[in-house]
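Dear colleague,

Please find below the structure that I am handing over to you. My findings follow it.

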Amino acid sequence: MINKNDLKNGKGDKGYRIVRLVNGERLIAKIVGSNTNKLYLERPMSIKGFTATDPSMLVSKEFLTLHNWIEFSSTNKVGIPKEYVLTI
């Protein structure tokens, strides 16, 4: 649970947000800046969810995985045009 004093001291909110793109993809990343055209993200990770069913118990479990969204990039920061961002 986040303490109000932590928010005042800058300890609670680290700037990480879930960003939904217009293509339906969900990212979690630290927002490090923006200008009129772009939103700048640091270490964006793609969020994937899936359900697995145990055939013997007929129980399903939900899993979330994170995948590096800029896997083959030499930098950890990326700028995304704001027209591709649906919600933050």
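Does Y84 count as buried, partly exposed or exposed, and at what relative accessibility? The model is a predicted one, and within it Y84 counts as partly exposed, at 43% relative accessibility. The residue sits in the loop between strand 5 (77-81) and strand 6 (85-87). Together with V22 and L86, Y84 makes a nonpolar surface patch of about 310 Å². Once neighbours within four places in sequence are set aside, the contacts of Y84 are L21 and V22. The C-alpha atoms of Y84 and K38 are 9.4 Å apart in space, although 46 residues separate the two in sequence.

Overall architecture

The secondary structure amounts to one helix and six strands, arranged along the sequence as α-β-β-β-β-β-β. The chain has 88 residues, of which 16% count as buried. Its exposed area is about 6900 Å², and carbon and sulfur atoms supply 53% of that area. Among the contacts in the chain with a separation of 6 or more, 39% are between residues 24 or more positions apart.

The nonpolar core

The largest nonpolar core has eight residues: V19, L21, L27, A29, L39, L41, I80 and V85. At least two residues of this core come from each of strand 1 (16-21), strand 2 (26-34) and strand 3. Strand 3 itself covers residues 38-54.

Two members of the core deserve a fuller description. L27 belongs to strand 2 and counts as buried because its relative accessibility is 0%, against a limit of under 20%. Beyond its neighbours within four places in sequence, L27 is in contact with the core residues V19, L21, L41 and I80, and its partners also include R17, I18, M45, S46, I47 and W69. For one of these partners, M45, the C-alpha to C-alpha distance from L27 is 5.4 Å, at a sequence separation of 18 residues.

L41 is the second. Not counting residues up to four places away in sequence, L41 touches V19, L27, A29, K30, I31, V32, N76, K77, V78 and I80.

V78, one of the residues that L41 touches, is found in strand 5. With residues up to four places away in sequence left out, V78 touches L39, Y40, L41, P44, W69 and I70. The C-alpha atoms of V78 and L39 are separated by 8.3 Å, and the two residues are 39 apart along the chain.

Strand 3

Several further findings concern this strand. S46 lies in strand 3 and counts as buried, with a relative accessibility of 4%. Its contacts, leaving aside neighbours within four places in sequence, are E25, R26, L27, T65, L66, H67 and W69.

What is the phi of R43, and what is its sign? The value is near 50°, which is positive, in a residue other than glycine. As background, most residues other than glycine have a negative phi. R43 is likewise found in strand 3, and its relative accessible area of 46% makes this residue partly exposed.

The aromatic pair

How many aromatic pairs does a search of the whole structure find? The search returns one. The pair consists of F50 and F63, whose ring centres are 5.4 Å apart and whose planes meet at 25°; the pair is therefore stacked, since planes under 30 degrees apart count as such. Because F50 lies in strand 3 and F63 in strand 4 (residues 59-68), the pair ties together parts that are 13 residues apart in sequence. Both rings belong to partly exposed residues: F50 has a relative accessible area of 41%, and F63 has a relative accessibility of 38%.

To recapitulate, the points I would draw to your attention are the eight-residue nonpolar core, the stacked pair of F50 and F63, the positive phi of R43, and the nonpolar surface patch of V22, Y84 and L86.

With kind regards

Note on methods
Residues numbered from 1 in each chain as written. Predicted model: local features only at pLDDT ≥ 70, side-chain atom pairs only at ≥ 80, totals over all residues. Heavy atoms only, no water. Helix = DSSP H or I, 4+ residues; strand = E, 2+ residues; numbered from the N terminus. Buried < 20%, exposed > 50% of the residue type's maximum accessible area, 1.4 Å probe, protein only. Contact = heavy atoms within 4.5 Å. Areas by Shrake-Rupley, 256 points an atom, 1.4 Å probe, with all protein chains shown as cover. Core = buried A, V, L, I, M, F, W, Y, C linked by side-chain atoms within 4.5 Å. Phe/Tyr/Trp six-rings, centres within 6.5 Å; stacked < 30°, edge-to-face > 60°. Patch = residues over 30% accessible without salt bridge, like charges linked within 9 Å, V, L, I, M, F, W, Y side chains within 5 Å. Salt bridge = Lys/Arg side-chain N within 4 Å of Asp/Glu carboxyl O.
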